[in-house]
Every structure is written in structure tokens, then in C-alpha cells.
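Subject: A structure for you to look at

Hello,

Here is the structure I promised to pass on to you. Please open it alongside this email, and then read on for my notes.

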Amino acid sequence: MITRNPCIANIKAGYLFPEIARRRREFTTAHPDAKIISLGVGNTTEPILPHIGWGLVEGARQLATPEGYSGYQDEGLLSLRKRISRVFYKEDFDADEVFISDGAKCDIGRLQLLFGAGAKVAVQDPSYPVYVDGSVLSGAAGRWNGTGYAGITYLPCTAENNYFPDLAALPEHGLLYFCSPNNPTGAVATRGQLEALVKGANAKGLVIIFDAAYSEYIRDPALPKSIFEIEGAKTCAIEVNSFSKPAGFTGVRLGWTVVPKDLKYAGGESVNADWARICGTIFNGASNIAQAGGLAALDDEGLLEIRQLCDFYLGNAKLIRTALCDLGIACVGGENSPYVWARFPGRDSWDVFAEILEKCHVVTTPGSGFGPAGQSFIRFSAFGHRLDVEEACKRLASLKS
Ligand code: PGU
């Protein structure tokens with residue numbers, strides 16, 4: 001029989017979120033009457049707002065007309081690529097530098113095809129688990145050594161360094177996944193920090209995959225929403241983004257990736273041309289209906305709805321933060337991001353996860369699932385109905401006893 005891909009055999013455990021779902025199921029089987037509230041996976045809960053919803057409906061209706069019908073749109077609708085460039089990048093990118101995707105996660109998974117199994121990968125620690133698990137699947141992570149993968153450079157982002165990594169540790173000619181606003185810590189890199197990062201990346205021949213999936217949650221106008229606000233980023237960065245968290249498209253599936261034409265490999269070849277080739281080969285584009293929704297999301301009315309939806313979830317984040325602070329639990333995040341990162345000194349994350357589930361019937365995410373530096377932390381997601389979040393906050397009080 002054919003042998004298993006050794007990269008799959010090398011992956012440490014189940015993907016974090018299905019593992020949480022498994023533990024939740026185990027708990028509900030033992031306690032069938034428990035009314036569980038999830039502040040675990042970052043999955044949107046509120047309905048798509050009316051104007052954006054209308055865009056989706058209209059997109060579907062158009063497909064059923066001779067003049068509105070469209071088929072494959074490999075790199076995405078030209079009108080959407082242009083609108084993304086206008087709304088997010090002051091038209092600084094040509095349409096063929098903006099690639100429409102079926103979501104940021106899908107592109108994060110595909111992007112490593114550009115660099116292959118030999119890429120030296122660095123991640124913020126803690127970080128969204130797809131960066132590391134995707135690297136394991138592509139063969140770039142090396143062996144599991146008990147606390148992490150030997151081939152991955154983990155860059156601790158802790159209270160001690162204000163959640164920004166030590167740039168001296170960046171690998172030369174490697175790949176860095178960088179997420180701001182960060183999942184899970186909620187930290188947002190300042191302009192000065194990103195300037196130092198871009199300078200360091202250009203000096204070391206490093207490519208940054210900048211994940212801006214939560215950029216619409218930034219409320220502080222001084223904080224950059226995109227790596228491309230930083231001079232010099234076009235020669236060292238790729239940016240992935242998504243309609244999931246700003247527009248509630250987690251189930252609709254729509255995102256984009258910007259690959260500047262100025263970005264070149266060591267041999268001078270164009271990364272943009274390779275990405276177009278990869279997308280043309282293994283991806284046939286995002287749904288036309290989703291893209292019609294995306295167009296509606298990025299007109300004036302749609303942008304107001306995005307603001308409104310993010311404000312709602314930020315309101316939830318504030319309630320969670322306040323509840324935790326009232327209990328004397330130290331936490332960060334939640335101000336420019338939908339995640340609150342809470343510290344339980346000396347405790348194992350999975351034990352705290354189990355305690356919160358048992359005492360409060362609230363599902364959270366254990367910090368250690370995001371990397372070694374996440375140990376003793378819990379991530380609270382602000383994606384939930386308001387009444388559920390209020391109820392969860394009340395229940396957290398039983399953590400005192
Ligand atoms: N990037 C970051 C940093 C994310 O946190 C998530 C979702 C995505 C990308 C995915 O974006 P899509 O455009 O929807 O593909 N993170 C959530 C959901 C869990 C998951 O497995 O994606 C979370 O709870 O961390």
C-alpha cells in the first residue's frame with residue numbers, strides 16, 4: 001500500500017479548534033443539561049447586515065440572467081480587486097497585485113508553495129496555529145522536539161517585550177508570519193515597530209506574510225492597519241486579509257492577498273508571477289456570489305455596516321475585559337481586536353480551560369494551543385450574541401471560589 005505523507009505523520013496533535021469541540025462534546029455528554037456558551041473559536045455569530053446581504057442576493061440573482069451571468073474568475077472580479085486597492089491601499093496596487101481568495105486561511109495554506117519545504121519559518125509566539133501547522137504540512141517545520149518544531153523560529157511575544165518580538169532573532173532569507181492585530185493576544189504593532197520590522201526584513205532578505213484579518217477592529221487611528229502603510233514593505237511583504245471578521249463572511253468565504261510586483265526572490269524572479277501561476281493551477285477563484293457581497297461591503301453603505309458590526313463585537317470584548325479585571329485576572333487585548341488574552345500565572349492552559357468549562361459552562365481557547373509562550377493564558381473570543389456574552393461574564397464570577 002502507498003505510505004503516508006511523512007509531513008502529516010509529523011503533525012503533533014489534532015488541529016486546535018476541533019480538539020476544543022471534542023472536549024466540549026465530551027463535557028455535554030456527561031452534563032446534558034449544561035447550557036454551554038462558546039467564547040472559544042473566533043466564529044462570527046451576528047447576521048450579515050442588510051446592505052451587504054442585499055449584495056449577496058443581487059449577486060445570486062445576476063447569475064440567473066443572460067447579461068449578469070459569469071463563470072470562472074481566476075484572480076477575482078476586476079471591479080473587486082480595484083475596489084480593494086482603493087479602499088485599503090489608496091490605489092497603490094494594480095489590480096493584478098490583488099488576488100481574491102476564498103479566505104485568509106486558505107491562502108495562508110497555499111502561500112508556502114511559493115517557498116517550498118526548505119523555507120526557514122519564523123512565527124510570533126503565540127500565534128494563529130495555521131502558520132505552524134501549515135509549515136509542518138509543507139515540510140518546512142522540522143521535527144517536533146517536545147515543546148515546538150525544530151525548524152521553526154518561535155519569537156516570544158510576551159508582556160515583558162510588549163508583545164513585539166526581538167528582531168535580532170529573525171532568520172536570514174526566511175519567512176515570517178506576522179499577525180496584527182494579533183490572534184490570540186490582541187496586541188497591535190505600532191507604526192514604529194512595523195518600520196523596524198520592515199527594515200529588518202529587507203536587511204535580512206526575509207519575506208513577511210502579514211495577516212491583517214482583524215485590521216477593521218483597529219480603533220486607534222495611530223495604529224497601522226496594513227503593512228503596506230510602511231515604506232519599504234513592497235520589497236519584503238505579502239498581505240492576507242479577509243471579509244470573515246469584518247463582514248461576517250466566515251461561512252460565505254471571501255478574502256484577498258496582495259503580492260506586490262516589487263517582491264522578488266533571491267534569484268530576481270517575480271513572486272507575483274509565481275502566485276498567479278499557483279492560483280491559476282490549484283485554485284479556481286472565489287464564489288461570484290461572495291464577490292458580489294464583497295463589492296457591496298466595500299461601498300459607502302457597506303463600510304458603515306462593517307464599522308457597525310466590528311463595534312458590536314468590540315462591545316462584547318469590553319464586557320469580557322471588564323468582567324475579568326473585576327475578578328483581578330490580568331488581561332490584554334480587546335480594545336483594537338476581538339480577542340482578550342487573560343493570564344493565569346503558574347497554571348496549565350488546558351487545566352484552566354477545563355475549570356472554566358466545569359464551573360462556568362463557558363468554552364474558551366487554551367493559550368498553549370497558540371505556541372509555547374501561550375502557556376498559562378486563556379483566549380476569550382468576543383464573537384457571540386450579546387445576551388450570551390453578558391451571561392458568560394456573570395458566570396465567570398464563580399472562578400473566584
Ligand atoms: N487569520 C487569522 C489570524 C485568524 O484568526 C483566522 C480565523 C483566519 C485568518 C481565518 O480567516 P478566513 O478568511 O475565515 O479563512 N481564526 C479563528 C477561526 C479558527 C480557524 O481555524 O480559522 C480563530 O478562532 O482563531
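Below is what I found, grouped by topic.

Before anything else, please keep in mind that this is a predicted model.

**A four-stranded sheet**

A good place to begin is an open sheet made of four strands, which run in the order 9-10-13-12 and pair in the antiparallel sense. Its edges are strand 9 (331–333) and strand 12 (365–366), and each of these pairs on one side only. Take a look at strand 12 and its neighbour, strand 13 (residues 377–381): the two are antiparallel and are held in register by two bridges. If you would like one residue pair to find on screen, try T365, whose bridge partner in strand 13 is R379.

**Helix 6 and its surroundings**

Next, go to helix 6, which covers residues 130–138. Which of its residues are buried? They are V130, Y131, V132, D133, S135 and V136. Several elements cover these buried residues, among them helix 1 (6–9) and helix 5 (104–111). The cover also includes four strands by name: strand 3 (121–125), strand 4 (152–156), strand 5 (175–179) and strand 6 (207–211). Just after helix 6 comes G139, which has a positive phi near 90 degrees.

**Unusual spots in the backbone**

As background for this part, most peptide bonds are trans, and most residues other than glycine have a negative phi. Here are some places to check against that.

- D125 and P126 are joined by a cis peptide bond, with omega about 10 degrees. P126 sits in the loop that runs between strand 3 and helix 6.
- S180 and P181 are also joined by a cis peptide bond, with omega about -5 degrees. P181 belongs to the loop between strand 5 and helix 7 (191–204).
- K90 is not a glycine, yet its phi is positive, at about 50 degrees. You will find K90 in the loop between helix 4 (78–89) and strand 2 (98–101). Its relative accessibility is 78%, so K90 counts as exposed.
- R253 is not a glycine either, and its phi is positive at about 75 degrees. R253 lies in the loop between helix 8 (244–247) and strand 8 (255–258). With 29% relative accessibility, R253 counts as partly exposed.

**Two helices side by side**

Two packed helices are described by the angle between their axes and the distance between the axes. How do helix 11 (residues 300–326) and helix 13 (residues 386–396) lie, and at what angle do their axes cross? The axes come within 9 Å and cross at roughly 10 degrees. An angle under 35 degrees counts as roughly parallel, and helix 11 and helix 13 are therefore roughly parallel to each other.

On the helix 11 side, the residues in contact are F312, G315, N316, L319, I320, A323 and L324. They meet R386, V389, E390, C393 and L396 of helix 13. Sorted by class, this contact has eight nonpolar, two polar and two charged residues.

**Salt bridges**

How many salt bridges are there? The count comes to 17, and three of them are worth a visit on your first tour.

One is between E19 and R23, whose closest N and O atoms are 2.9 Å apart. Both belong to helix 2 (residues 16–30), and because they are four residues apart, about one helical turn separates them. An α-helix has 3.6 residues a turn, so residues three or four places apart point the same way. R23 is partly exposed, at a relative accessible area of 28%.

Another joins D102 and R110, with 2.9 Å between the closest N and O atoms. Are these two partners buried or partly exposed? D102 counts as partly exposed, at 22% relative accessibility, whereas R110 is buried, with a relative accessible area of 12%. The cut-off for buried is under 20%.

The third is between R307 and D311, where the closest N and O atoms are 4.0 Å apart. These two are four residues apart in helix 11, so about one helical turn lies between them. R307 is partly exposed with a relative accessible area of 44%, and D311 is partly exposed at 36%. Elsewhere, salt bridges that share partners link E19, R22, R23 and E26 into one network.

Enjoy exploring it!

Best wishes

Note on methods. Residues are numbered from 1 along each chain as its sequence is written. This is a predicted model: local features need pLDDT of at least 70, side-chain atom pairs count only at pLDDT 80 or more; totals for chains, interfaces and linings use all residues. Side-chain values use heavy atoms; hydrogens and water are left out. Two strands pair if DSSP finds at least two bridges between them. Buried means under 20% relative accessible area, exposed over 50%, partly exposed in between (1.4 Å probe, protein chains only). Contact means heavy atoms within 4.5 Å. Axes are lines fitted to C-alpha atoms, for helices over the stretch in contact, and angles run from 0 to 180 degrees between N-to-C directions. Angles under 35 degrees count as roughly parallel, over 145 as roughly antiparallel, 65 to 115 as roughly perpendicular and the rest as oblique. Ala, Val, Leu, Ile, Met, Phe, Trp, Tyr, Cys and Pro count as nonpolar, Asp, Glu, Lys and Arg as charged, and the others, Gly among them, as polar. A salt bridge is a side-chain nitrogen of Lys or Arg within 4 Å of a carboxyl oxygen of Asp or Glu.
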